[in-house]
Amino acid sequence: MTIELQEKLNEYLDTLQNSNRSFLIGAGCSRCAKLPLTGELADLVKGKLTNGKTKTILEYVVSNFTGNPNTTIEEYISEIVDYAAILERRVEKGSPNPTMVLNGETYSEIELKTAVLDIQQFIVEAI
């Protein structure tokens with residue numbers, strides 16, 4: 001967060017705390033700021049992934065949720081984090097070179113964690 005943004009945020013918080021105003025913010029509040037809704041983020045991220053391991057990993061995870069069109073990008077990320085956690089646990093227990101096979105492709109813990117970071121970066125770019 002930039003210093004200027006932090007100063008503005010602090011100023012805003014001070015104003016809220018020193019007034020008798022309340023704000024009700026709910027789902028969809030980002031729409032008026034021309035930001036994507038949570039459900040739209042997944043499509044934006046998928047559109048930015050043109051090739052590579054991150055795209056293959058995300059496509060596999062998305063394919064596991066085809067029964068629910070309302071699945072969010074956070075849920076996809078959580079799934080990848082879960083896969084990485086399984087491999088991390090295997091490393092802690094001494095398993096040599098643990099990997100996970102997703103849709104016929106083999107991935108390491110580092111590759112899964114890198115995919116999460118890539119997806120998070122695309123989310124930052126989208127908003």
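1. Salt bridges overall. In this predicted model, a search of the whole structure returns 6 salt bridges. Side chains of opposite charge can pair when their charged atoms come close. The points that follow take up several of these pairs, then turn to the nonpolar core and the overall form of the chain.

2. The pair K48 and E125. K48 and E125 form a salt bridge in which the closest N and O atoms lie 3.8 Å apart. Because K48 belongs to helix α2 (residues 38–48) and E125 to helix α5 (residues 109–126), this pair ties together parts of the chain that are 77 residues apart in sequence. On the side of helix α2, K48 is partly exposed, at 36% relative accessibility, and its partner E125 is likewise classed as partly exposed, with a relative accessible area of 45%.

3. The pair E111 and K53. A salt bridge also joins E111 to K53, and here the separation of the closest N and O atoms is 2.2 Å. The two residues link distant parts of the chain, since E111 sits in helix α5 and K53 in helix α3 (residues 53–63), 58 residues apart. E111 has a relative accessibility of 23%, which places it among the partly exposed residues, while K53, with a relative accessible area of 47%, is partly exposed as well.

4. The pair K55 and E59. Within helix α3, K55 and E59 are 4 residues apart, so about one helical turn separates them. They form a salt bridge whose closest N and O atoms are 3.4 Å apart. Both residues fall in the partly exposed class, K55 with 24% relative accessibility and E59 with 44%.

5. The network around E109. E88, E109 and K113 are connected through a network of salt bridges. E109 is located in helix α5, and its relative accessible area of 14% means that it counts as buried, the cut-off for that class being under 20%. Its side chain makes a polar contact with the side chain of K113, at 2.7 Å. When neighbours within four places in sequence are left aside, E109 is in contact with A84, L87, E88 and V91, so that E88 appears both among these contacts and in the salt-bridge network.

6. The nonpolar core. Nonpolar side chains in soluble globular proteins tend to be buried together. In this model the largest nonpolar core holds 25 residues, of which V45, I73, L102, L112 and I119 touch the most other members. Helices α2, α3, α4 and α5, together with strand β1 (100–102), each supply at least two residues of this core, and α4 gives the most, with 7 residues. As for L102, its contacts, apart from those with neighbours within four places in sequence, are with I57, Y60, Y83, Y107 and L112; L112 is also listed with L102 among the core residues that touch the most other members.

7. A position in helix α4. S78 is found in helix α4, which covers residues 73–92. Its relative accessible area is 39%, and S78 is therefore classed as partly exposed. The C-alpha atoms of S78 and K34 are separated by 26 Å, the two residues being 44 residues apart along the chain.

8. Secondary structure and contacts along the chain. The chain contains 5 helices and 2 strands, and their order from the N terminus on is α-α-α-α-β-β-α. Among contacts with a separation of 6 or more, 53% are accounted for by residues 24 or more positions apart. The salt bridges of K48 with E125 and of E111 with K53 also join parts of the chain that are distant in sequence.

9. Overall dimensions and surface. The radius of gyration of the chain is 19 Å, whereas a compact globule of 127 residues would have one near 14 Å. Along the principal axes, the C-alpha atoms fill a box of roughly 60 × 35 × 25 Å. Of the 127 residues, 24% count as buried, and the accessible surface of the chain comes to about 9000 Å², with carbon and sulfur atoms contributing 52%.

Technical notes:
Residues numbered from 1 in each chain as written. Predicted model: local features only at pLDDT ≥ 70, side-chain atom pairs only at ≥ 80, totals over all residues. Heavy atoms only, no water. Salt bridge = Lys/Arg side-chain N within 4 Å of Asp/Glu carboxyl O. Buried < 20%, exposed > 50% of the residue type's maximum accessible area, 1.4 Å probe, protein only. Core = buried A, V, L, I, M, F, W, Y, C linked by side-chain atoms within 4.5 Å. Contact = heavy atoms within 4.5 Å. Rg over C-alpha atoms; globule rule 2.2 N^0.38 Å. Areas by Shrake-Rupley, 256 points an atom, 1.4 Å probe, with all protein chains shown as cover. Polar contact = N/O pair within 3.5 Å; in protein donor to acceptor, adjacent residues only side chain to side chain.
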